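Student: I have a protein model open in front of me, and I would like to learn how to read its features one at a time. Could you take me through them slowly?

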Amino acid sequence: MKKYIKINSELLGVGIGFLNFYILFYSWNISWEISFAVAFASGFIASKFLDVYAGKMSEEDLDKEKAEEISNAINDFEKK
C-alpha cells in the first residue's frame, strides 16, 4: 500500500518551514535571520524525509504491474 501514497512533500516542507518561522520569530522573539535559517533548514529536511517515508514509485512500475496482470488474465482466458 505504501507505493500508492502520493504526497506533495515540497508543499508540506514549505508549510512546516512557515510554521517554524512564525513560532521562532513571533512567539520566541528570535531574530528573523536565525528564524529564517532554522525554518528553511527544517522545512527542507522535512520535505526530504517525507519523500523517503512516503516511498517513491514511478508510474512505469505501476503500469508494468498492471500490464502483467492483464497479460496473465489474457493468457488464462486463451487457455480455456
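**Reading a helical model**

Tutor: Let us begin with one pair of residues: Phe 36 and Phe 40 are four residues apart in helix H2, so about one helical turn separates them. Keep in mind throughout that this is a predicted model.

Student: How far apart are the ring centres of Phe 36 and Phe 40, and at what angle are their planes?

Tutor: The general idea is that a pair of aromatic rings is described by the distance of the centres and the angle of the planes. For Phe 36 and Phe 40 the centres are 6.2 Å apart and the planes stand at 25°, so this pair is stacked, the cut-off for that word being planes under 30 degrees apart. As for its surroundings, Phe 40 counts as exposed because its relative accessibility is 56%.

Student: How many aromatic pairs does the structure hold?

Tutor: The structure holds four aromatic pairs. Another of them joins Tyr 22 and Tyr 26, whose rings are 5.3 Å apart from centre to centre with 40° between the planes, and that pair is tilted. These two tyrosines both lie in helix H1, four residues apart, which is about one turn of the helix. Ring pairs also link Phe 21, Tyr 22, Phe 25 and Tyr 26 into a cluster.

Student: Are Tyr 22 and Tyr 26 buried, partly exposed or exposed?

Tutor: Here one reads the relative accessible area, and a residue is called exposed when that value is over 50%. Tyr 26 has 52% and is therefore exposed, whereas Tyr 22, at 48%, counts as partly exposed. Both tyrosines also belong to a nonpolar surface patch of about 590 Å², which is made by Leu 19, Tyr 22, Ile 23, Tyr 26 and Trp 28. Of these residues, Leu 19 is found in helix H1.

Student: Let me step back to the overall plan. Which kinds of secondary structure does the protein have, and in what order do the elements run?

Tutor: One reads the elements from the N terminus onward, and here they run α-α-α, with three helices and zero strands in the protein. The confidence of the prediction should be read alongside this plan: the average pLDDT of the protein is 79, and 75% of the residues score at least 70. Confidence is highest in helix H1 (residues 9-27), with a mean of 89, and lowest in helix H3 (residues 59-79), with a mean of 76.

Student: What share of the residues counts as buried?

Tutor: Of the 80 residues of the protein, 16% count as buried. The accessible surface comes to about 6,800 Å², and 65% of that surface belongs to carbon and sulfur atoms. A good example of a buried residue is Ser 35, which is found in helix H2 (residues 32-54) and counts as buried because its relative accessibility is 0%.

Student: Which residues is Ser 35 in contact with, once its neighbours within four places in sequence are left aside?

Tutor: Ser 35 is then in contact with Phe 21, Leu 24, Phe 25 and Ile 30. Two of those partners deserve a visit of their own. Phe 21 is found in helix H1 and, not counting residues up to four places away in sequence, touches Tyr 26, Trp 32, Ser 35, Phe 36 and Ala 39. Phe 25 is also placed in helix H1, and its relative accessible area of 27% is why this residue is called partly exposed. With the same neighbours in sequence left out, Phe 25 touches Ile 30, Ser 31, Trp 32 and Ser 35.

Student: Where can I see residues that are far apart in sequence, and how is their separation in space given?

Tutor: One compares the number of places along the chain with the distance between C-alpha atoms: Gly 13 and Ala 39 are 26 residues apart in sequence and 9.6 Å apart in space. Gly 13 lies in helix H1 and counts as buried because its relative accessibility is 4%. Beyond its neighbours within four places in sequence, Gly 13 is in contact with Gly 43 and Ser 47.

Student: What is the phi of Asn 29 near, and where is Asn 29 found?

Tutor: Asn 29 is found in the loop between H1 and H2, and its phi is near 55°, a positive value in a residue other than glycine. This asparagine counts as exposed because its relative accessibility is 65%.

Notes. Residues numbered from 1 in each chain as written. Predicted model: local features only at pLDDT ≥ 70, side-chain atom pairs only at ≥ 80, totals over all residues. Heavy atoms only, no water. pLDDT = per-residue confidence, 0-100. Patch = residues over 30% accessible without salt bridge, like charges linked within 9 Å, V, L, I, M, F, W, Y side chains within 5 Å. Areas by Shrake-Rupley, 256 points an atom, 1.4 Å probe, with all protein chains shown as cover. Salt bridge = Lys/Arg side-chain N within 4 Å of Asp/Glu carboxyl O. Buried < 20%, exposed > 50% of the residue type's maximum accessible area, 1.4 Å probe, protein only. Contact = heavy atoms within 4.5 Å. Phe/Tyr/Trp six-rings, centres within 6.5 Å; stacked < 30°, edge-to-face > 60°.
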